[in-house]
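Biologist: I am new to this structure. Please take one part, the largest pocket, and look at it closely. Then walk me through whatever else helps me find my way around.

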Amino acid sequence: MKRAITLAGGGPAAGLHIGALKRLEEANINFDVWALSCIGAWVGIVYNQFEKGHQADRTYEFFRNGVFRDDVSYSRFPINTVFGPDWGTIGKAAMEFFLDPRSYQNLWLPDKVMKSAQETLNFLDDRSKWNEGDANNWILNHVMAVNPFVRFWTSMMYLSNVDGLSRIYYPGSSFLNAIDFRCLSEKDKPFIFHNAWNLSKQKLELFSNHPGDGYRPITAQTLCACSALPFVEGTVDIDGDTYCEGALIDTVNFWRLLEDNKDLDEIWVSRIVDATQVKAPKNLTEALGNLCMLFAATVGEDDIKLFKHHVREEGKWHGRIIEIKVDANINFDWSHANLDNGWDRGYHAAGEALKNYS
């Protein structure tokens, strides 16, 4: 029996992956091929660096101690422990902005100021516009947008050379050094590959622990690139090309899975993110989580439907697809509580999949 598992993207829902792997571990379900993307790549690579036996437990410890934040701290600092601001890049970008003569162009626009002054008089004179929507529109366009100081600081914020709120790829950091990438190439390790999107060449690329035939080597750099979601995390440069998260294109990383592994008997799918997990946000943290996860949920669901359709229509593969159902009762907090909740629900979801499998 030759099996593959696909671990999809889903950020803080990583506990679902780990719990599912724990249950499959107990059932002696082993995998010869691991197709990974985003947080699924982190879970799969960390999991496979350990020797067999309690791999899921050690993976859980890695994420609990190295990525997720304790609940008390998280309650007033809702950021995980590895998404740190890139102070060096921010400082350099600010200095370049200050020294660039173009940063001081078009700050003072007399014609726009005069027009805004007239609009202000009209606004104050017309009581029908004294409502929240028109008031906020007036402040944005006729107070802030024409003020040269506001224009300068706003352009520095949005137009300087910073493309992410945080950065995770720091060569030589203790966090990345805790992952033994060299052991992944040992003979007893399964075939592992993850994706990343090459922004420079506009194509999806694959990285493997057994490179060749279109697969490039897995490194700390490629792993960080595969989870570099624009805005949330800065892009990563590899050999002159700029990369971001591959899950934007292929959340479940089915691409080339069957093409290069035609002898697979089974494909197990752990998607972890579902549209029902996206709920009305109460604050900016939840809104940002929804922004990331809604696309992963819908794209991932569509990827599986399309994959099943092509398999059925083309008739080139007659194996079995086993999907570990996602659970709606998790959130997108990088907290210990959410990691533990995900672990429990992933464990039970895999248990249900095993019942149906039997």
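Modeller: Start with the make-up of the pocket wall. The lining of the largest pocket has 26 nonpolar residues, 10 polar ones and three charged ones. Keep in mind that this is a predicted model.

The space in this largest pocket comes to about 850 Å³. Its lining counts 39 residues, and those closest to the centre are Asn 80, Phe 83, Val 232, Leu 288 and Trp 334. Four elements give two or more residues to the lining: helix H2 (39-49), strand E3 (164-166), strand E7 (231-233) and helix H11 (284-314). H11 gives the largest share, nine residues.

Next, turn to helix H12. This helix runs over residues 336-357, 22 residues in total. At 1.5 Å a residue it should span 32 Å, and its end C-alpha atoms are 31 Å apart, so the two values agree. Many of its residues are buried. Among them are His 336, Asn 338, Leu 339, Gly 342, Trp 343 and Gly 346. Further along, Ala 349, Ala 350, Gly 351, Ala 353, Leu 354 and Tyr 357 are buried too. A general point helps when reading such a list. An α-helix has 3.6 residues a turn, so residues three or four places apart point the same way.

What covers the buried residues of H12? The cover includes both strands and helices. The strands include E1 (3-7), E10 (266-270) and E11 (320-324). The helices include H1 (14-26), H3 (55-66) and H4 (71-74).

For a contrast, go to helix H6, residues 110-125, where Asp 125 lies. Asp 125 counts as exposed because its relative accessibility is 67%, and the cut-off is over 50%. Now set Asp 125 against Ala 56. They are 69 residues apart in sequence and 68 Å apart in space, C-alpha to C-alpha.

Last, the cysteines. A disulfide is a covalent bond between the sulfur atoms of two cysteines. The count here is zero disulfides. Cys 183 is in none, and the nearest cysteine sulfur, that of Cys 224, is 17 Å away. Cys 183 counts as buried because its relative accessibility is 7%. Cys 224 is buried as well, with a relative accessible area of 0%. Its closest cysteine sulfur is in Cys 226, at 8.2 Å. That is too far for a bond, because a disulfide needs the two sulfur atoms within 2.5 Å.

Notes:
Residues are numbered from 1 along each chain as its sequence is written. This is a predicted model: local features need pLDDT of at least 70, side-chain atom pairs count only at pLDDT 80 or more; totals for chains, interfaces and linings use all residues. Side-chain values use heavy atoms; hydrogens and water are left out. The expected span of a helix is 1.5 Å times one less than its number of residues. Buried means under 20% relative accessible area, exposed over 50%, partly exposed in between (1.4 Å probe, protein chains only). Contact means heavy atoms within 4.5 Å. On a 1 Å grid over the protein atoms alone, a cavity is a set of points where a 1.4 Å probe fits but cannot get out, and a pocket is an open set with protein on both sides within 12 Å along at least five of seven lines; lining residues have an atom within 4 Å of a point. Grid points are joined across faces, edges and corners, and a volume is the space filled by probe spheres set on the points. Ala, Val, Leu, Ile, Met, Phe, Trp, Tyr, Cys and Pro count as nonpolar, Asp, Glu, Lys and Arg as charged, and the others, Gly among them, as polar.
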